[in-house]
Amino acid sequence: MASRAFEWPQRALPLPIAPFSDLKRWLTRPLVGALSLVLLAACQPVRPVDRLVVAGRSRIDSVDPAATFSIGAMQLLSALGDPLYAISPDGELQPRLAVAPPRLSADRLTAWVPLRQGVRFHDGSRFDAAAMVFTLERFLAIGKLSYLLGDRIASVRASGPYELELRLRRPFTALPQLLTAVNLTPLSPTAYRAHGRRFLNERFVGTGPYRLTFFNDQQQRLEPFADYWGPKPANSGIDMVNLSNSTALYGALRSGEVDVLLSTSLEGDQQLSLHRLAAAGSLREGRGPALEIGYLTLLSDQPPLKDPRLRRALAFGLDRELISQRVSHGLRPSLRELVPPTIPGSDPQAWPAFDPAQARELFRQAGYCNGRRLSVPLTFRSNIPSDRLFALTWKEQLARDFGDCVQLEISGMESTTAYRQLGKGAFTAILLEWMGDFPDADNYLIPLLGCEQAEGNRCLKGASAASGSFWTQPGLEQDLKRSESLEGEERVALLRRLQQQVAQASPYIPVWLVAPRAWARPNLQTPRFDGAGRVVFSRLQKEHHP
């Protein structure tokens, strides 16, 4: 048999099942030359008993925490690295590479974080405060989400061999939650010395329970790290595969070609089928915390939606319950706020419920419905099945309820192309989703509403412009910054008031709430999620019966 560019020792490569064209490409990619599937079938090694295949639909272009922020990449990095703190499934803060909560100065502008001793990176080098400083300074310098730190932390230094000192720009209540972000997982200064100011996309050297031994955008191989400081993985390794075809993923789980399937971007009908199979005992279904929001961004500084009456009319005219049932069979419950309901500061009724009479009245006030019909272009991401179904369903619903007032013109665009054009004001309306990098209300509001430079209600520079709405209002930025420093009920009250103010202008319209799911073969234990909504790979294991 021909030699392989990447060896799968003792691993049975799954056979393709028609029409799994993506799965065929996955199977043949690591092989040298154009081996046929027939030859591949004749040369399969034996699968290790406790090694698992986890499949998803999220292409991963980089494993550099400074470069990537997709849901799939964060899932992978959560198995390869450790944060300073983590959120438990019940929402409690847990020290990980830190050993206690941050200690604050009297003015709350300096924080000291005590670090765990005896931890090693995957290359054998020592984790200490100097390594943590290297990681944070690198992220500040080149991180695509550097604002996570830069907007709140002025400087970092090692105040002792195992103590990290953070100087804050202003008091920041959610500092421990910020330090749970996977993007801030420590990196080995030895391994990244030549990449201090540039990305290392295909290699990762951290402290987590697994080492990364192979990487491309469709396959990742994880091996247990023998010197891991914490509990050892319950399996002998993970082969993570990423396919673009929902039908291939669904069939691969049903046939046993993969052990665990992540729900990201699966077709709604297929998610419902797997949910029912799990209820019947044919699969194991795990469900994580609902932290991902789906929402509409409306271009608020250009006609026609520059008129707030039309944005409000669309908000009143969105039948969320119908859309939830048609698109996800109720697996994505309707949402009327920008902050997930489990996070302090949420306001479940901030945005209006479906009210056809109020919507029609606002359309009329804006000069429509009386022989004049508003045309609204809606862009959906063509590679996200739920986006397409949402667009078709909402178009049908608006035609049914307001056919003489408004017409939706839908068109699809691949997601990465759409993201590049979002900050250029290219979309009158577009459906997007957001999951905060750490579970705090500000991390849902600031990425959509932050504004560094404004003219009246128009944001010229900042997160609101980058998010495609270009909306702000006088005093909003100051209130957002003030909310970061407040505590307790005073902070919760301000966050709720901010959501209510945004709902009145409706530059965004919340649509639904997404809880991650994972399905496992019946011979595995039910997948478990952490408090950030990611499957805990190290706890995946097969049932062992006597």
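**Exercise 1. Is F470 buried or exposed, judged by its relative accessible area?**

Step 1. The model is predicted: local features need pLDDT of at least 70, side-chain atom pairs count only at pLDDT 80 or more, and totals for chains, interfaces and linings use all residues. Residues are numbered from 1 along each chain as its sequence is written, and side-chain values use heavy atoms, with hydrogens and water left out.

Step 2. Fix the cut-offs. Buried means under 20% relative accessible area, exposed over 50%, and partly exposed in between, with a 1.4 Å probe and protein chains only.

Step 3. Apply them. F470 has a relative accessible area of 10%, so F470 is buried.

Step 4. Place the residue. F470 sits in the loop between α16 and α17. Helices (H or I, at least four residues) and strands (E, at least two) are DSSP runs, numbered from the N terminus.

Step 5. Check the backbone. Phi of F470 is near 60 degrees, a positive value in a residue other than glycine. Most residues other than glycine have a negative phi.

**Exercise 2. Describe the surroundings of T472 in the loop between α16 and α17.**

Step 1. Locate the ends of the loop. T472 lies between α16 (463-466) and α17 (476-485).

Step 2. Read the burial. Relative accessibility is 3%, so T472 counts as buried.

Step 3. List the partners. Contact means heavy atoms within 4.5 Å. Not counting residues up to four places away in sequence, T472 touches C451, A454, G456, N457, R458 and C459.

**Exercise 3. Compare the span of helix α13 with its expected value, then follow the chain to C405.**

Step 1. Count residues. Helix α13 covers 385-402, which is 18 residues.

Step 2. Take the expected span. The rule is 1.5 Å times one less than the number of residues. For α13 this gives 26 Å.

Step 3. Compare. The first and last C-alpha of α13 are 25 Å apart, close to expectation.

Step 4. Look at burial along α13. Buried residues there include F390, W394, L398 and F402, along with the polar S386, D387, T393, Q397 and D401.

Step 5. Move to C405. This residue is in the loop between α13 and β15 (406-413). Its relative accessible area is 0%, so C405 is buried.

Step 6. Find what packs against C405. Leaving aside neighbours within four places in sequence, C405 contacts R360, F363, Y368, C369, R372, R373 and L374. One of these, F363, is 42 residues away in sequence but 6.6 Å away in space, C-alpha to C-alpha.

**Exercise 4. What are the places of I142, G251 and I71, and which residues far along the chain lie at what distance from them?**

Step 1. Take I142. This residue belongs to helix α4 (residues 129-142), and its relative accessible area of 15% makes I142 buried. Beyond four places in sequence, its contacts are A66, G196, R197, R198 and F199. R198 is 56 residues away along the chain, with 7.0 Å between C-alpha atoms.

Step 2. Take G251. Helix α8 (residues 246-255) holds G251. At 11% relative accessibility, G251 is buried. Q270, 19 residues apart along the chain, has its C-alpha 9.7 Å from that of G251.

Step 3. Take I71. Helix α3 (residues 71-80) holds I71, which is partly exposed at 33% relative accessibility. The C-alpha atoms of I71 and E292 are 10.0 Å apart, across 221 residues of sequence.

**Exercise 5. Identify two further backbone features, at P304 and H329.**

Step 1. Recall the norm. Most peptide bonds are trans.

Step 2. Inspect P303 and P304. A cis peptide bond joins them, with omega about 5 degrees. P304 is in the loop between β13 (292-298) and α10 (308-316).

Step 3. Inspect H329. Its phi is positive, about 55 degrees, although H329 is not a glycine. H329 lies in the loop between α11 (320-328) and α12 (356-365). Relative accessibility is 31%, so H329 counts as partly exposed.

**Exercise 6. Test the whole protein chain against the globule rule.**

Step 1. State the rule. The radius of gyration is taken over C-alpha atoms, and the rule is 2.2 Å times the number of residues to the power 0.38.

Step 2. Compare. For 546 residues, a compact globule would have a radius near 24 Å; the protein chain has 24 Å, which agrees.

Step 3. Add the burial share. Buried residues make up 58% of the 546 residues.

Step 4. Add the elements. The protein chain has 18 helices and 20 strands.
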